[in-house]
Amino acid sequence: ILEFLGVSLGSVLVGLVIGLLCSFLFKNTRISDHPTYELALLFLFAYGSYAMAESMDLSGIMSLFFCGVCLAHYNSYNLSETSQVTAEVIFLS
C-alpha cells in the first residue's frame, strides 16, 4: 500500500510541477507572439510530464492528467487568442 501511495502522490506532484512550470513560462515570456510555437510547447510540456513520470517509474497517465488539469486551469489565460481557439478545437476532437 505504501508503494501505491508513493506512485500516486509522486505522479500527481510531477504533473502539477510541470503544469505550473509551463504556466509560469507562458505568463512571463513573449511566447504568445508566436502561436505556432506556443501550441508546440504546450504539447511538449504535456508529453514531458508523461515521459518524466514514466522515467521515474511513476504513472505517466496520472501525471499527464494532473498536468492537463493544471494547464486548463492556469495556462488557458496565458495563451494568445489564436492559440486558445486552436487548442480548444484540437482538444475537443
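# A four-helix predicted model

Reading from the N terminus, the elements of the protein go α-α-α-α. In other words, there are 4 helices and 0 strands here. Keep in mind that this is a predicted model.

## The overall picture

Let's start with the general layout. Taken along the principal axes, the C-alpha atoms fill a box of roughly 45 × 30 × 20 Å. Of the 93 residues in the protein, 33% are buried. The accessible surface adds up to about 6200 Å², and carbon and sulfur atoms account for 71% of that.

How much of the contact set comes from residues 24 or more positions apart? Among contacts with a separation of 6 or more, such pairs make up 70%.

## The largest pocket

Next, the largest pocket, with a volume of about 370 Å³. Its lining consists of 16 residues, and those closest to the pocket centre are Leu42, Leu71, Ala72, Ala87 and Phe91. Three elements each give two or more residues to this lining: helix H2 (35-55), helix H3 (60-75) and helix H4 (81-92). Which of the elements gives the most to the lining? That would be H3, with 7 residues. As for chemistry, the lining of the largest pocket splits into 11 nonpolar, 4 polar and 1 charged.

Ala87, one of the residues closest to the pocket centre, belongs to helix H4. Ala87 counts as buried because its relative accessibility is 7%, and the cut-off for buried is under 20%. Measuring up the chain fold from there, the C-alpha atoms of Ala87 and Ser23 are 15 Å apart, with their positions 64 residues apart along the chain.

## A buried asparagine in H3

Asn75 sits in helix H3. Is Asn75 buried or exposed? With a relative accessibility of 1%, Asn75 is buried. Leaving aside residues up to four places away in sequence, Asn75 touches Cys22, Ser23, Phe26, Leu42 and Cys70. One of these partners, Leu42, has already come up as one of the residues closest to the centre of the largest pocket.

## Helix H1 and its exposed residues

Helix H1 covers residues 2-28, and Phe4 is part of it. Phe4 counts as exposed, since its relative accessibility is 57% and exposed means over 50%. Leu2 is in helix H1 too, and Leu2 is likewise exposed, at 69% relative accessibility.

Both residues also turn up in the C-alpha distances. Phe4 and Leu58 are 54 residues apart along the chain, with 9.7 Å between their C-alpha atoms. For Leu2 and Asp33, 31 residues apart along the chain, the C-alpha separation is 46 Å.

## Gly48 in H2

Gly48 is found in helix H2, where it is partly exposed at 28% relative accessibility. Gly48 and Leu64 are 16 positions apart in sequence, and their C-alpha atoms are 8.6 Å apart in space.

Here are the C-alpha pairs side by side:

| Pair | Separation along the chain | C-alpha distance |
|---|---|---|
| Phe4 and Leu58 | 54 residues | 9.7 Å |
| Gly48 and Leu64 | 16 residues | 8.6 Å |
| Ala87 and Ser23 | 64 residues | 15 Å |
| Leu2 and Asp33 | 31 residues | 46 Å |

## The salt bridge

How many salt bridges are there? The count is 1 salt bridge. Arg30 pairs with Asp33, and the closest N and O atoms are 2.8 Å apart. Side chains of opposite charge can pair when their charged atoms come close. Arg30 is exposed, with 65% relative accessibility, whereas Asp33 is partly exposed, with a relative accessible area of 41%. Asp33 falls between the two classes because buried means under 20% and exposed over 50%.

## An unusual phi in a loop

Finally, have a look at the loop between H2 and H3, where Asp57 is placed. The phi of Asp57 is near 60 degrees, a positive value in a residue other than glycine. Most residues other than glycine have a negative phi. Asp57 is also exposed, at 66% relative accessibility.

How values were computed:
Residues numbered from 1 in each chain as written. Predicted model: local features only at pLDDT ≥ 70, side-chain atom pairs only at ≥ 80, totals over all residues. Heavy atoms only, no water. Buried < 20%, exposed > 50% of the residue type's maximum accessible area, 1.4 Å probe, protein only. Contact = heavy atoms within 4.5 Å. Areas by Shrake-Rupley, 256 points an atom, 1.4 Å probe, with all protein chains shown as cover. 1 Å grid on protein atoms, 1.4 Å probe; cavity = no way out; pocket = protein on both sides within 12 Å on 5 of 7 lines; lining within 4 Å. Points joined across faces, edges and corners; volume = space filled by probe spheres on them. Nonpolar A, V, L, I, M, F, W, Y, C, P; charged D, E, K, R; others polar. Salt bridge = Lys/Arg side-chain N within 4 Å of Asp/Glu carboxyl O.
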